[in-house]
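Trainee: I would like a close look at a single part of this model. Please take the aromatic rings and the strands around them.

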Amino acid sequence: MQYSLYLLMAIVNFPVIIIGGGPIGLACAIEAQKAGLEYLILEKGCLVNSLYNYPVNMTFFSTSERLEIGDVPFVSNNAKPTRPEALEYYRRVALSYYVNIHLFEEVLEISSRLPDTSNRKPETTFQIVTNKAHYTSSYIIIATGFYDIPYLLNVSGENLSKVTHYYKEPHLYAFQKVIVIGAQNSAVDAALETWRKGAEVTMIIREEQIGERVKYWVRPDIINRIKEGSIKAYFNSTVREIRQDEVVVETPDETITLENDWVIAMTGYKPNLDFLRNTGIHLSEDDIMCPSINDDTHESNVKNIFLAGVICGGMNTHRLFIENSREHAEKIIRTIKERSGTND
């Protein structure tokens with residue numbers, strides 16, 4: 001077996017294991033706690049790891065009350081909360097409920113074995129192998145989000161140290177020649193912020209315009225900066241090669257070579273659908289690759305494995321957000337409570 005080394009470790013059982021320590025994973029844990037179910041969250045990064053990887057100065061579309069979980073008030077300084085405020089809020093939520101979570105522990109494999117016939121209510125028992133331990137559980141909730149795997153350019157030079165798919169903050173790029181790839185919120189934020197810190201910014205945009213989903217209070221800003229020439233933009237264009245000191249770009253008219261110090265590739269992100277496949281969860285055969293779930297219970301086609309949050313939308317990562325995924329936790333825990341015989 002690939003992970004046979006871990007089988008030598010002591011096996012720990014939790015009736016419910018939640019994979020993913022983002023806002024929806026936390027919401028599932030809170031509902032489990034309220035229902036009297038013993039649980040453990042396994043998170044491969046830090047608490048709310050996806051939000052941590054957002055740009056430092058990022059502002060949410062949603063208002064603070066739409067990001068609330070567990071009846072803990074989220075008070076922000078402005079109508080739209082910022083990334084630091086969200087990180088502080090979810091830390092406070094985790095502390096308020098003494099959430100049982102293991103951080104920096106990645107799930108490597110999920111497998112199942114025959115029901116334990118000695119159990120009063122036999123259920124399939126899952127085995128979960130992580131990079132640190134080995135667990136068993138009767139119920140699994142997968143709430144892994146979509147921010148971990150960037151879409152790659154698949155061009156020569158993409159692995160150079162000057163290239164990043166995660167933009168954090170602008171100071172590093174001051175007085176440098178920066179190429180930003182993309183036209184959605186992350187790309188626009190990176191372009192505007194680095195330009196305001198003195199970078200010479202060029203945007204390479206596959207589409208013919210700035211994305212229509214860009215925040216309404218930011219989109220006019222980037223359009224005006226492009227119109228006045230402060231930020232250069234090549235529309236209907238793609239990067240063909242990245243070199244140490246330059247980038248080759250194919251435009252509608254010609255192939256050009258631009259001097260360059262840094263490439264910020266804001267090409268978007270996708271969920272780890274291979275993880276779902278390896279767990280036995282069926283995906284639709286279209287481009288969306290939506291996982292098979294019961295809308296009433298959020299159970300997948302694998303009995304007692306549930307999905308919560310944006311992962312439920314497959315490649316359609318713009319359909320589900322924190323505010324319209326919180327209810328997943330209630331549906332899932334209600335179903336688990338009924339099946340486990342812990343109703344009051």
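Mentor: Here is a walk through the ring pairs, the strand that carries one of them, and a patch on the surface.

This is a predicted model, where local features need pLDDT of at least 70, side-chain atom pairs count only at pLDDT 80 or more, and totals for chains, interfaces and linings use all residues. Residues are numbered from 1 along each chain as its sequence is written, and side-chain values use heavy atoms, with hydrogens and water left out.

Start with the rule for rings. Rings of Phe, Tyr and Trp (its six-membered ring) pair if their centres lie within 6.5 Å; planes under 30 degrees apart count as stacked, over 60 as edge-to-face, and the rest as tilted. By this rule there are 9 aromatic pairs. One of them joins phenylalanine 14 to tyrosine 135. Their centres are 6.3 Å apart, with 50° between the planes, and the pair is tilted. Phenylalanine 14 sits in the loop between β1 (11-13) and β2 (16-19), and tyrosine 135 in strand β7 (residues 134-137), so the pair ties together parts that are 121 residues apart in sequence. Strands (E, at least two residues) and helices (H or I, at least four) are DSSP runs, numbered from the N terminus. Both phenylalanine 14 and tyrosine 135 are buried. Buried means under 20% relative accessible area, exposed means over 50%, and partly exposed lies in between (1.4 Å probe, protein chains only).

Now look at β7 itself. In a regular strand the side chains alternate between the two faces of the sheet. From β7, His134 and Thr136 point one way, and Tyr135 and Ser137 point the other way. All of these are buried.

Next, the neighbours of β7. Two strands pair if DSSP finds at least two bridges between them. β1 and β7 pair in the parallel sense, over 3 bridges. Here isoleucine 11 stands opposite histidine 134 in β7. Strand β6 (residues 125-130) runs antiparallel to β7, joined by 4 bridges. Isoleucine 128 stands opposite tyrosine 135 in β7. β6 and β7 form a hairpin with 3 residues between them. Another ring residue, phenylalanine 126, is placed in strand β6. Phenylalanine 126 is buried, at 2% relative accessible area. Its C-alpha lies 5.6 Å from that of serine 111, although the two are 15 residues apart in sequence.

Now the surface. The rings of tyrosine 216 and tryptophan 217 have centres 4.8 Å apart and planes at 85°, so this pair is edge-to-face. Tyrosine 216 lies in the loop between β12 (200-204) and α5 (219-227). Tyrosine 216 is exposed, at 59% relative accessibility. Tryptophan 217 is partly exposed, at 36%. Ring pairs link Phe61, Tyr216 and Trp217 into a cluster. Phe61, Tyr216 and Trp217 also make a nonpolar surface patch of about 350 Å². Patches take residues with over 30% relative accessible area and no salt bridge; like charges are joined within 9 Å, and nonpolar side chains (Val, Leu, Ile, Met, Phe, Trp, Tyr) within 5 Å. A salt bridge is a side-chain nitrogen of Lys or Arg within 4 Å of a carboxyl oxygen of Asp or Glu. The accessible areas come from the Shrake-Rupley method with a 1.4 Å probe, and for residues only the protein chains shown count as cover.

Last, charges over rings. A charge sits over a ring if NZ of Lys or CZ of Arg is within 6 Å of the ring centre and within 35 degrees of the ring normal. Lysine 168 lies over the face of tyrosine 52, at 4.4 Å from the ring centre. Lysine 232 lies over the face of tyrosine 234, at 5.0 Å from the ring centre.
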